[in-house]
Amino acid sequence: MSKRILNLIPVAALLAISSAHADSLIQSLNRVDNSLNKVQNTIHGTQNTIRDGQNKIDNTQRAIGEIQDGTYVEKRVENKVRQQKRRAVNGLINKSSNAIRKATNTY
């Protein structure tokens with residue numbers, strides 16, 4: 001019996017060392033994962049910045065073309081009218097939805 005216990009002591013010590021080593025590995029992997037997440041966020045931010053810059057260039061080029069064609073003012077007015085109509089419709093929808101919620105007491 002005592003011989004069996006003596007054989008288990010090195011195994012227990014090995015398990016304790018392995019457990020500590022595993023914890024260290026997990027912490028290292030978490031650090032690597034956090035670093036990769038930061039890099040990925042940086043890449044996404046850079047892609048968004050590039051996309052925004054390209055959109056500004058495209059919008060400027062379109063405006064220049066419209067100015068040269070003489071349609072710039074017309075298109076701006078059309079867009080403004082379209083936006084106003086959309087806002088008016090959305091406002092009516094929101095007001096009617098609110099009235100229905102108040103009438104039915106569902107919030």
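## A walk around Glu-66

Start by selecting Arg-76: at 28% relative accessibility, Arg-76 counts as partly exposed. Before going further, please keep in mind that the model in your viewer is predicted.

**The whole chain**

Now zoom out and colour by secondary structure. The protein chain holds 2 helices and 0 strands. Switch on a surface, too: the chain exposes about 9600 Å², and carbon and sulfur atoms supply 60% of that area. How much of the chain is buried? Of the 107 residues, buried ones make up 2%.

**Glu-66, a buried stop**

Next, select Glu-66, which sits in helix 1. Is Glu-66 buried or exposed? With a relative accessible area of 6%, Glu-66 falls under the 20% cut-off, so Glu-66 counts as buried. Show the residues around Glu-66 as sticks. Leaving aside residues up to four places away in sequence, Glu-66 touches Thr-71, Tyr-72, Lys-75 and Arg-76.

**The salt bridges**

A short reminder helps here: side chains of opposite charge can pair when their charged atoms come close. How many salt bridges does a search of the whole structure find? The search finds 3 of them. Let us visit them with the distance tool on.

- Pick Glu-66 and Arg-76 and look at their side chains, which meet in a salt bridge with an N to O distance of 2.7 Å. Glu-66 lies in helix 1 and Arg-76 in helix 2, so this pair ties together parts that are 10 residues apart in sequence.
- Move on to Lys-75, whose salt bridge with Glu-66 has its closest N and O atoms 4.0 Å apart. Lys-75 is partly exposed, at a relative accessible area of 36%.
- Finally, add Arg-62, whose side chain meets that of Glu-66 in a salt bridge of 3.8 Å, N to O. Arg-62 and Glu-66 both belong to helix 1 (residues 2-69), where they are 4 residues apart, about one turn of the helix. Arg-62 is partly exposed, with a relative accessible area of 44%.

Keep Arg-62, Glu-66, Lys-75 and Arg-76 selected together, and you have a network of linked salt bridges on screen. Within this network, Glu-66 is buried at 6%, whereas Arg-76 is partly exposed at 28%.

**A nonpolar patch**

Clear the sticks and bring the surface back. Which residues form a nonpolar patch? Select Ile-67, Tyr-72, Val-73, Val-77 and Val-81, which together have about 440 Å² of accessible area. Tyr-72 may look familiar, being one of the residues that Glu-66 touches. Helix 2 (residues 72-104) gives the most to this patch, with 4 residues. Click on Val-81, which is placed in helix 2. The relative accessible area of Val-81 is 41%, so Val-81 counts as partly exposed.

**A positive patch**

For the last stop, colour the surface by charge and select Lys-80, Arg-82, Arg-86 and Arg-87, which form a positive surface patch. Rest on Arg-86, a residue of helix 2. Arg-86 is partly exposed, with a relative accessible area of 47%.

**A view to save**

To finish, show Glu-66 with its salt-bridge network of Arg-62, Lys-75 and Arg-76. Then add the nonpolar patch, including Val-77 and Val-81, and the positive patch, including Lys-80 and Arg-82.

Conventions:
Residues are numbered from 1 along each chain as its sequence is written. This is a predicted model: local features need pLDDT of at least 70, side-chain atom pairs count only at pLDDT 80 or more; totals for chains, interfaces and linings use all residues. Side-chain values use heavy atoms; hydrogens and water are left out. Patches are made of residues with over 30% relative accessible area and no salt bridge: like charges are joined within 9 Å, nonpolar side chains (Val, Leu, Ile, Met, Phe, Trp, Tyr) within 5 Å. Accessible areas come from the Shrake-Rupley method with a 1.4 Å probe; for residues, only the protein chains shown count as cover. Buried means under 20% relative accessible area, exposed over 50%, partly exposed in between (1.4 Å probe, protein chains only). Lys and Arg count as positive and Asp and Glu as negative; His and the chain ends are not counted. The place of a charge is taken as NZ of Lys, CZ of Arg, CG of Asp or CD of Glu. Contact means heavy atoms within 4.5 Å.
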